[in-house]
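Hi,

Here is the structure I promised to pass on to you. Please open it alongside this email.

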Amino acid sequence: MRLKKVAIGILAVLALLLPMSLKAELPKTVRDYFKNGCFEKAKDYLLEMSRRHPHSKEINRALAQAYLFMAVKELWKLGTVQDLQKIKQLLAINDSDPISLYYLGKVEWLLKNKEAALRCLEKAFVLDPGYTQAALDLALLYEAEGEYKKARQTVETFLQLKARDEKIKTLYMEELLKRFSWEEDFLKIPPAKVPLNMIELPPGRKCLLVDKEKQRLLLYLVTPKGLQLKHIFPCTTGRNHFDKFKEGDNNTPEGVYFLTKAIEGTALERLGGDYGNMAFVLNFPNVFDHFLNKDGHGIWLHGTNSELKPWLPQTTHGCVVMSNADLLELSHAIRLNQTPLIITKKINWVSSQELENWRQEIRAFLKKWKQAWENKDFAIYATCYAPNFHANGFITLKGWLRHKCRLAKLRKHIKISLEQIEIYFYNQYPSLGQVVMVRCLQKYTSDNYKDEGIKTLFLVKKTPNSPWQILLEHWEELP
């Protein structure tokens, strides 16, 4: 992998030696590949063209640009400030290419050079008003700076151009304008409020939160001072409004999931379909989904080669879909099996103090449960479980308690350590009440046995005055 990156870096340097400008003479297929961030596909297409026309300067310049952007893509996935500075150096030499300017603007924004970012995207938009990602991202930047009039003018100018294309239906235009309805405070986040969804996570953890109502993906960073909103991305979800329960219902599931696998390159191409440049597999259905008898599979967070799809609400069969460029930007925040993707119908905003109250209450319950287990106090331990409790292979509470009592008799002492605790508000259900998910590293030690693994608990509270109880308990060995 390192040799591959070095090779791409060398090719990028070679690319810099050529004047790079994506001319109109190139086939539309190549231009679309570049605009959609499909640089590997552009490279393969141009290599074939180069074999037929080895002396074409235009093809060779475009091929050099494809190699350059492949290098940029590899650096971008690393996501450090140093890597962003390297990308900036690679792109800054060419100020007449809208695609280079677009990505340069994105980098400047990440480096907090807001004025430079706006200049880059403004110039990219002037050079190519039909460049969907540049136009709509420029509108988002205006929006972030409170320049709502400029934002709307940008979208309207873009739509007037697109209206000449018969493929762009009036409905699509109305939906795009709706997404940018600032008069209705479409993106206004309540001041001094945080999402209840993330009650506790370890410092430094990044978390993805999808708001199905607003069709946005929010990236949060957990800091010692609390949750910090880092970015808001447009996304699109399932065609129907509800939680997913059946295969083929075109709903996006609601809950807390983890990204277990990344797919890109030829492996993604072999699957067919429009997954863009990158896809992340969710662990749907999880243990709670199985408890609710949810059916379905293949729910992913992925890109798309369709220019407008990420901006149009509810256009998928159940996946969460973003633009290729936005998913590339987001990818450096993702750690497989660690980064949560929380999907909710509507964000429940609370104060920091309310969030802390939830955290203390659930922490107190976990302490009671752990101490009862360590002390072999099964009278208290039993009260920590809901009557309809399920766990790894056990479908009744009575069977579970019998199993735990039998194990306790074989061990003189038991010591439990719960580390890296994560607490998420899951949802509220008519038959269950409030549901919270707890995930942690559990270390179990006794005189004749020890193990470590990921413990996941689903806690329920039937009414506001009811105690928390464990509905589901799942343990899996560390990979």
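Below is what turned up in it, starting with the aromatic rings and ending with a sheet.

Please keep in mind that this is a predicted model.

**Aromatic pairs**

The structure contains 28 aromatic pairs. Two of them make good places to start looking.

Take Phe-69 and Tyr-103: their ring centres are 5.7 Å apart and their planes meet at 50°, so this pair counts as tilted. Phe-69 belongs to helix α4 (residues 57-78) and Tyr-103 to helix α6 (residues 98-110), so the contact ties together parts that lie 34 residues apart in sequence. Are these two rings buried or exposed? Phe-69 is buried, at 0% relative accessibility, and Tyr-103 is buried as well, with a relative accessible area of 3%.

Then there is the pair of Phe-288 and Phe-458. Here the ring centres are 5.0 Å apart and the planes are at 15°, under the 30 degrees that marks the limit for stacking, so the pair is stacked. This one joins a helix to a strand: Phe-288 sits in α12 (residues 287-291) and Phe-458 in β15 (residues 450-461), so the parts tied together are 170 residues apart in sequence. Phe-288 has a relative accessible area of 0% and is buried; Phe-458, at 1%, is buried too.

Ring pairs also build a cluster. Its members are Trp-369, Trp-373, Phe-378, Tyr-381, Tyr-385, Phe-389, Trp-400, Tyr-444 and Tyr-449. If you colour these residues in your viewer, you can follow how the ring pairs link them.

**Charges over rings**

Which rings have a charged end sitting over them? Phe-245 is one of them: the charged end of Lys-294 sits over its ring, 5.3 Å from the centre. Phe-258 is another, with the charged end of Arg-439 placed over the ring at 3.9 Å from the centre.

**The sheet**

Finally, have a look at the open sheet, which is made of eight strands with mixed pairing. Going across, the order is β5-β4-β3-β10-β6-β7-β8-β9. At the edges are β5 (226-234) and β9 (320-321), each of which pairs on one side only.

Within the sheet, β10 and β6 stand side by side in that order. Strand β6 covers residues 255-264 and strand β10 residues 340-344, and the two pair in the antiparallel sense over four bridges. To find the spot on screen, look for Tyr-257, which stands opposite Leu-341 in β10.

Happy browsing, and best wishes!

Technical notes:
Residues numbered from 1 in each chain as written. Predicted model: local features only at pLDDT ≥ 70, side-chain atom pairs only at ≥ 80, totals over all residues. Heavy atoms only, no water. Phe/Tyr/Trp six-rings, centres within 6.5 Å; stacked < 30°, edge-to-face > 60°. Buried < 20%, exposed > 50% of the residue type's maximum accessible area, 1.4 Å probe, protein only. Lys NZ or Arg CZ within 6 Å of the ring centre and 35° of its normal. Pairing = 2+ DSSP bridges.
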